[in-house]
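Welcome, and please open your viewer. We will go from stop to stop, selecting a few residues each time and seeing what is there.

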Amino acid sequence: MARSKGAIVVNQERCKGCNLCAVACPLGLIRLADRMVNRRGYPFVEQVRAEECTGCTSCAIVCPDACITVYRQRS
């Protein structure tokens, strides 16, 4: 069976740092940025260990502001 490889793109300016996506990620690949905020003063999320993302879309589904886009490709 082919394994999916994924990547996420976060719209950092729209993100308000609610952290729901980090909680929803089954692999723990999303976290709040350390000491960084967007123009509105909110911390935003970023992907860590991007090579491990499977593109499951859990993060994008729970994001209340639709800040996350998930891309998948078969490897």
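## Stop 1: a charged pair

Select Glu-52 to begin; with a relative accessible area of 31%, this residue is partly exposed. Keep in mind that you are looking at a predicted model. Now add Arg-49 to the selection: the side chains of Arg-49 and Glu-52 meet in a salt bridge, at 3.2 Å from N to O. Arg-49 is partly exposed too, because its relative accessible area of 39% lies between the 20% and 50% cut-offs. How many salt bridges does a search of the whole structure find? There are 4, and we will visit some others.

## Stop 2: a hairpin

Next, colour residues 30-37, which are strand 2, and residues 43-47, which are strand 3. These strands pair in the antiparallel sense, over 4 bridges. To see one pairing in detail, pick Leu-32, whose bridge partner in strand 3 is Val-45. Together strand 2 and strand 3 form a hairpin, with 5 residues between them. In the turn, click on Gly-41, where phi is positive, at about 90°.

Stay here and show the side chains of Arg-31 and Glu-46, which meet in a salt bridge (3.2 Å, N to O). This pair links distant parts of the chain: Arg-31 belongs to strand 2 and Glu-46 to strand 3, 15 residues apart. Arg-31 is partly exposed at 39% relative accessible area, and Glu-46 is partly exposed at 21%.

## Stop 3: from loop to loop

Select Arg-39 and Glu-13. They form a salt bridge, and their closest N and O atoms are 3.4 Å apart. Where do the two residues sit? Arg-39 is in the loop between strand 2 and strand 3, while Glu-13 is in the loop between strand 1 (4-10) and helix 1, 26 residues apart. Arg-39 is exposed, with 75% relative accessible area, whereas Glu-13 is partly exposed, with 34%.

## Stop 4: a nonpolar patch

Switch to a surface view and select Leu-20, Ile-61 and Val-62, which form a nonpolar patch with about 270 Å² of accessible area together. Leu-20 is part of helix 1 (residues 20-24), and counts as partly exposed at 43% relative accessibility.

## Stop 5: one last loop

Finish at Ala-66, in the loop between helix 2 (58-62) and strand 4 (68-74). Is Ala-66 buried or exposed? Ala-66 counts as exposed because its relative accessibility is 53%, and the cut-off is over 50%. Try your distance tool from Ala-66 to Phe-44: their C-alpha atoms are 13 Å apart, and the residues are 22 apart in sequence.

Definitions and conventions: Residues are numbered from 1 along each chain as its sequence is written. This is a predicted model: local features need pLDDT of at least 70, side-chain atom pairs count only at pLDDT 80 or more; totals for chains, interfaces and linings use all residues. Side-chain values use heavy atoms; hydrogens and water are left out. Buried means under 20% relative accessible area, exposed over 50%, partly exposed in between (1.4 Å probe, protein chains only). Two strands pair if DSSP finds at least two bridges between them. Patches are made of residues with over 30% relative accessible area and no salt bridge: like charges are joined within 9 Å, nonpolar side chains (Val, Leu, Ile, Met, Phe, Trp, Tyr) within 5 Å. Accessible areas come from the Shrake-Rupley method with a 1.4 Å probe; for residues, only the protein chains shown count as cover.
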